[in-house]
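Got the viewer open? Here is a short tour, one selection after another.

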Amino acid sequence: TGDGKKSLNVELNIVPFIDLMSCLTAFLLVTAVWVNIAQINIQPKGKTRDTANVQQDDEHADALLLLQKSAEQGVRTPEVLSALGDEQVRAGKMEEAVASYREAAMKSPKDPAPWELVGQIYASQGKTADALAAFRESLRVKDRALIHVAIAHLHLKQEDRKAAEEELGKALETVTGSDVRE
């Protein structure tokens with residue numbers, strides 16, 4: 001223009017933006033395919049799902065035997081005892097699992113997880129008083145919202161609404177968001 005002003009009409013080259021969008025679209029498609037492939041359950045040739053489950057059960061039985069042997073030979077660390085308890089639960093040996101978790105709790109007094117597991121086993125067996133005691137031990141080690149919720153659940157099973165509400169209030173006070181299960 002003749003009056004010293006620059007023209008505002010500028011041609012914008014949109015080819016780089018189109019290239020960027022096509023790259024992003026291709027990336028999203030590849031990611032979606034990758035996620036779907038990761039979810040496919042691939043079995044070895046000639047094995048059906050049933051034989052794979054049997055094989056997995058055999059592996060858990062082998063793990064249980066190895067962990068029991070290690071514990072009998074004096075390797076009674078909290079990690080070994082917790083893993084032993086996990087395998088005992090898988091095998092349906094709940095009382096043995098409780099004993100393993102209790103020993104793990106005694107050997108690792110700053111870890112609240114073994115007491116939580118004992119409480120869960122007792123709760124599943126309908127042993128409310130024992131479950132409450134185990135959950136309270138877990139809280140003594142570390143005050144966590146998840147345990148307060150478990151205790152509230154037990155109170156609700158006993159139809160003690162007031163105690164359940166108190167525990168849920170404590171859960172709200174202690175929730176941090178750092179535990180994935182919260």
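Start by selecting helix α1, residues 15–39, where you'll find I18; helices here are DSSP runs of H or I, at least four residues, numbered from the N terminus. Now add L12, I14 and F17: with I18 they make a nonpolar surface patch of about 450 Å² accessible area together. Patch members have over 30% relative accessible area and no salt bridge, with nonpolar side chains (Val, Leu, Ile, Met, Phe, Trp, Tyr) joined within 5 Å; areas are Shrake-Rupley with a 1.4 Å probe, and only the protein chains shown count as cover.

A quick note before moving on: this is a predicted model, with local features needing pLDDT of at least 70 and side-chain atom pairs pLDDT 80 or more, while totals for chains, interfaces and linings use all residues. Numbering runs from 1 along each chain as its sequence is written, and side-chain values use heavy atoms, leaving out hydrogens and water.

Next, the salt bridges (a Lys or Arg side-chain nitrogen within 4 Å of an Asp or Glu carboxyl oxygen): the whole structure has 8. Pick E116 and R144, whose closest N and O atoms are 2.8 Å apart. E116 sits in helix α5 and R144 in the loop between α6 and α7, so the bridge ties together parts 28 residues apart in sequence. E116 is buried at 4% relative accessibility, and R144 is buried at 11% (buried is under 20%, exposed over 50%, partly exposed in between).

Last stop: E167 and R136, bridged at 3.5 Å between closest N and O atoms. E167 is in helix α8 and R136 in helix α6, 31 residues apart. Add K170 to see the salt-bridge network linking R136, E167 and K170.

Methods: Patches are made of residues with over 30% relative accessible area and no salt bridge: like charges are joined within 9 Å, nonpolar side chains (Val, Leu, Ile, Met, Phe, Trp, Tyr) within 5 Å. Helices (H or I, at least four residues) and strands (E, at least two) are DSSP runs, numbered from the N terminus. Buried means under 20% relative accessible area, exposed over 50%, partly exposed in between (1.4 Å probe, protein chains only).
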